[in-house]
Amino acid sequence: MQVRLRGGRQEVIQVRGPLTVRQLAKQLDLDLESHLFVREGRVLTPDVRLGDDDQIEVYRAISGGTRR
Amino acid sequence: MKCRRCGEVAVIDLPRHNAAFCKPCFLEYFARQVQQAISKFRMFARHHRVMVAVSGGKDSLALWHWLASHGQPTVGLYIDLGIAEYSRVSRERCEAFAQRMGLQLEVVDVRQETGFSTPALAARVRRTTCSVCGLVKRYFTNRTARRLQVAAVATGHNLDDEASTLLGNVLHWQMGYLARQHPVLPAADGLVRRVKPLFTLTERETLAYCLLQGIDFLEEECPHARGATSILYKELLNRLELISPGTKHQFLLGFLRRARPSFSQAEPPPELGACRECGEPSTAEVCAYCRMLSGARRADDAFATKENKGGIT
């Protein structure tokens, strides 16, 4: 499947399926509290199974940094 | 996963509430959180006009969208900091959002107001861009809110913002900041009331709100925020949250209930007067903004004089 990391990194990664959103997050070292996974415009819960043909977008939730 | 309320397919899981929700039930949960924050902390009344400070990011646009969609009279404020491409794109997002929703947006351009962009101001007064940005935003937000005579200024600060700020303030024992950290900063001597209606919602939840409502928000971060300590604090708190769901909420709400009153007693708010030069509220005879601006102008004059001398010899 094709996984696009949105925001600052803007990377596109190829990952082999099938696997769940939770497994994909672990494989990419992305924690589920800081990210949301989207397929065809639909936000996904961690148990959703993803296949080889899926196109996944990953949104990073953390924002708004300030340097002291 | 199934929605806890209606049994439909869920779009988001919320481990801290031991729940998962479908789109309509999540939007209802989101609304309940905002309504409770507004009413419990008496942020503003339904008929009050509220100024929403917007940056083009997910939190401020989610807040403006929610308030406007629920019939709250609002006006948006965007402050153009002059941070190159970042400011251009964030301004575009705010203007496009306001136009699509049919809402009034006030724009303050820092370059027009001061003659400098925010990074140029920071370089002249030898401070970090984030520190000058904070000062400039506080100044123009209050000045615009007074001019427009709004009841309150609402910002998109969420649970992660507030919990990470609290962690930073505790780690550095910032007594004054700990005394004043609260979802409502009351009006005082020229300072307009400031409120944070999203403070019980996580960043992940405001992001989900934007995605589910089709809000076109700015995903890029300010280039000056890269590597910021506050982002590290958020990542650390999220690691704790994954192991122990509800940690961020308990940390912040526990502080507000149990610890903050002691800090407030020990550190009463400073007395405010009016700045001799601009009339805005200030703890000194001349406010921090006017002092910074005259410092930047002096630095610019000194630079020009040096250049002229260099040209003659």
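## A walk through chains B and A

B:Phe140 is buried, and B:Tyr289 is buried as well. Keep in mind that you're looking at a predicted model.

**Rings first.** Across all chains, a search of the whole structure turns up 10 aromatic pairs. Start by selecting B:Phe41 and B:Phe199: their ring centres sit 5.2 Å apart with the planes at 90°, so this pair is edge-to-face. Now trace the chain between them. B:Phe41 is in the loop between α1 (23-40) and β3 (50-54) of chain B, while B:Phe199 is in the loop between β8 (194-195) and α9 (203-213), 158 residues apart. Is B:Phe199 buried or exposed? It's buried, at 1% relative accessibility. B:Phe41 is partly exposed, with a relative accessible area of 22%, and the cut-off for buried is under 20%.

Go back to the two residues from the opening. B:Phe140 and B:Tyr289 make an edge-to-face aromatic pair, 5.4 Å centre to centre with 75° between the planes. B:Phe140 belongs to helix α6 (residues 129-148) of chain B and B:Tyr289 to helix α12 (residues 288-312), so the pair ties together parts 149 residues apart in sequence.

Next, select B:Phe21, B:Phe26, B:Tyr29, B:Phe30 and B:Tyr209, which ring pairs link into a cluster.

**An arginine in a loop.** Keep B:Tyr29 on screen and add B:Arg16, since the two are in contact. B:Arg16 sits in the loop between β1 (12-14) and β2 (19-21) of chain B, and at 16% relative accessibility it counts as buried. Which backbone oxygen lies 2.9 Å from a polar atom of its side chain? That of B:Thr200. Beyond its sequence neighbours within four places, the contacts of B:Arg16 also include B:Leu159, B:Glu205, B:Glu241 and B:His249.

**A covered helix.** Select residues 58-69 of chain B, helix α2. At 1.5 Å a residue, its 12 residues should span 16 Å, and the end C-alpha atoms are indeed 16 Å apart. The helix is mostly covered, with 10 of the 12 residues buried; B:Lys58, B:Asp59, B:Trp64 and B:Trp66 are among them. Just after α2(B), click on B:Gly71, where phi is positive, near 80°.

**Over to chain A.** Finish on strand β7 (residues 55-60). It runs parallel to β1 (residues 2-5), joined by 4 bridges, and A:Arg4 has A:Glu57 as its bridge partner in β7(A). It also runs antiparallel to β4 (residues 35-39), with 5 bridges; here, A:His35 is partnered by A:Arg60.

How values were computed:
Residues are numbered from 1 along each chain as its sequence is written. Chains are lettered from A and ligands numbered from 1 in the order in which they are written. This is a predicted model: local features need pLDDT of at least 70, side-chain atom pairs count only at pLDDT 80 or more; totals for chains, interfaces and linings use all residues. Side-chain values use heavy atoms; hydrogens and water are left out. Helices (H or I, at least four residues) and strands (E, at least two) are DSSP runs, numbered from the N terminus. Buried means under 20% relative accessible area, exposed over 50%, partly exposed in between (1.4 Å probe, protein chains only). A polar contact is a pair of N or O atoms within 3.5 Å; within protein, one must be able to donate a hydrogen and the other to accept it, and residues adjacent in sequence count only if both atoms are side-chain atoms. Contact means heavy atoms within 4.5 Å. The expected span of a helix is 1.5 Å times one less than its number of residues. Two strands pair if DSSP finds at least two bridges between them. Rings of Phe, Tyr and Trp (its six-membered ring) pair if their centres lie within 6.5 Å; planes under 30 degrees apart count as stacked, over 60 as edge-to-face and the rest as tilted.
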